[in-house]
Structures are given as structure tokens and as C-alpha cells.
Amino acid sequence: MPPEERFLDFEDQVSHHGMPDSSRYEVVYDCQIETDDLETIYTKFEREFPQRSTGHPISISDVIELYDRQGSEFYYVDHYGFQKIGSSRDSPWIPREPTT
């Protein structure tokens with residue numbers, strides 16, 4: 001992701017750069033977790049940085065994917081709360097796999 005698009009709240013992202021573009025994101029951590037509550041996930045990964053992750057603690061402008069057998073939903077981490085930005089059921093929003 002270009003530096004000028006990092007750490008922007010959703011409104012600034014959309015007004016200055018358009019909707020978040022999945023091609024500018026990559027998967028940095030994937031795991032099963034005991035909840036699908038976005039606030040709980042945010043709190044957990046803001047404080048508990050996963051050892052095997054190549055990223056950083058979760059913060060504004062990151063994207064959280066919730067998925068199950070029925071598909072995926074993607075949420076932009078906003079300044080306060082979360083904005084749904086896509087779903088595999090309506091319009092795919094697929095980040096790229098990490099490069100090695």
C-alpha cells in the first residue's frame with residue numbers, strides 16, 4: 001500500500017484515493033478465532049501481535065476478513081468502528097497472497 005494511503009480513516013481514504021483496492025493489500029495473518037465480533041478481534045490483535053505474522057498490530061486502514069463455508073466479508077478498520085467494503089457473495093474483494 002502506498003505510504004500516503006496508510007492510516008487513513010475511511011472517509012479520507014474514499015475522498016482522496018477512492019475505495020480501498022484489494023490489489024494494494026496482502027494477507028499478513030490468517031487464523032481461526034473464537035469470535036466474529038470485529039471489536040473483539042480488533043482488541044485481541046491490537047494487543048497480542050501474532051508471533052508468526054509478517055505484519056504489525058492491527059490499526060486503522062487495515063482490512064479484516066471474516067469467512068466461513070458460505071463466503072467472506074471484508075471490513076475496513078476505521079477511526080471509530082468498521083466499514084464493510086466487500087463480500088464474496090456480492091462483489092469479490094480479494095487481497096493478494098503474501099510475496100516471499
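These legends walk through several close-up views of a predicted model. In it, local features need pLDDT of at least 70 and side-chain atom pairs count only at pLDDT 80 or more, while totals for chains, interfaces and linings use all residues. Residues are numbered from 1 along each chain as its sequence is written, and side-chain values use heavy atoms, with hydrogens and water left out.

**View 1. The whole chain runs α-α-β-β-β along the sequence.** We have 2 helices and 3 strands here; helices (H or I, at least four residues) and strands (E, at least two) are DSSP runs, numbered from the N terminus. Of the 100 residues in the chain, 32% are buried, where buried means under 20% relative accessible area, exposed over 50%, and partly exposed in between (1.4 Å probe, protein chains only). The accessible surface comes to about 6,900 Å², and carbon and sulfur atoms own 47% of it; areas come from the Shrake-Rupley method with a 1.4 Å probe, and for residues only the protein chains shown count as cover. Take contacts (heavy atoms within 4.5 Å) between residues at least 6 apart in sequence: 42% of them join residues at least 24 apart.

**View 2. The largest nonpolar core has 9 residues.** Its members are Leu38, Ile41, Phe45, Ile58, Ile64, Leu66, Tyr75, Val77 and Phe82. A nonpolar core is a set of buried Ala, Val, Leu, Ile, Met, Phe, Trp, Tyr and Cys residues joined through side-chain atoms within 4.5 Å. Two or more residues each come from α2 (38-47), β1 (63-68) and β2 (71-77), with α2 giving the largest share, 3 residues. Apart from this core lies another, of 6 residues, including Phe10, Tyr25, Tyr76 and Ile85.

**View 3. Zoom in on Ile41 and its contacts.** Skip the neighbours within four places in sequence, and Ile41 touches Ile33, Thr35, Asp36, Ile64 and Leu66.

**View 4. Strand β2 pairs with both β1 and β3.** Two strands pair if DSSP finds at least two bridges between them. β1 and β2 are antiparallel over 6 bridges, and they make a hairpin with 2 residues in between; here Tyr67 has Ser72 of β2 as its bridge partner. On to β3 (residues 82-87): 5 bridges join this strand to β2, again antiparallel, and Phe74 stands opposite Gly86. This second hairpin has 4 residues between its strands, and Gly81 in the turn shows a positive phi of about 95°. 6 of the 7 residues of β2 are buried, so the strand is largely enclosed by the rest of the structure.

**View 5. Tyr42 and Phe82 meet edge-to-face.** Rings of Phe, Tyr and Trp (its six-membered ring) pair if their centres lie within 6.5 Å; planes under 30 degrees apart count as stacked, over 60 as edge-to-face and the rest as tilted. That rule gives 3 aromatic pairs. In the one shown, the rings sit 6.4 Å centre to centre with 70° between the planes. Tyr42 lies in helix α2 and Phe82 in strand β3, so the pair ties together parts that are 40 residues apart in sequence.

**View 6. Lys44 puts its charged end over the ring of Phe45.** The distance to the ring centre is 5.7 Å. A charge sits over a ring if NZ of Lys or CZ of Arg is within 6 Å of the ring centre and within 35 degrees of the ring normal.

**View 7. Arg47 of helix α2 is exposed.** Its relative accessible area is 66%. Arg47 and Pro57 are 10 residues apart in sequence, and their C-alpha atoms are 7.0 Å apart in space.
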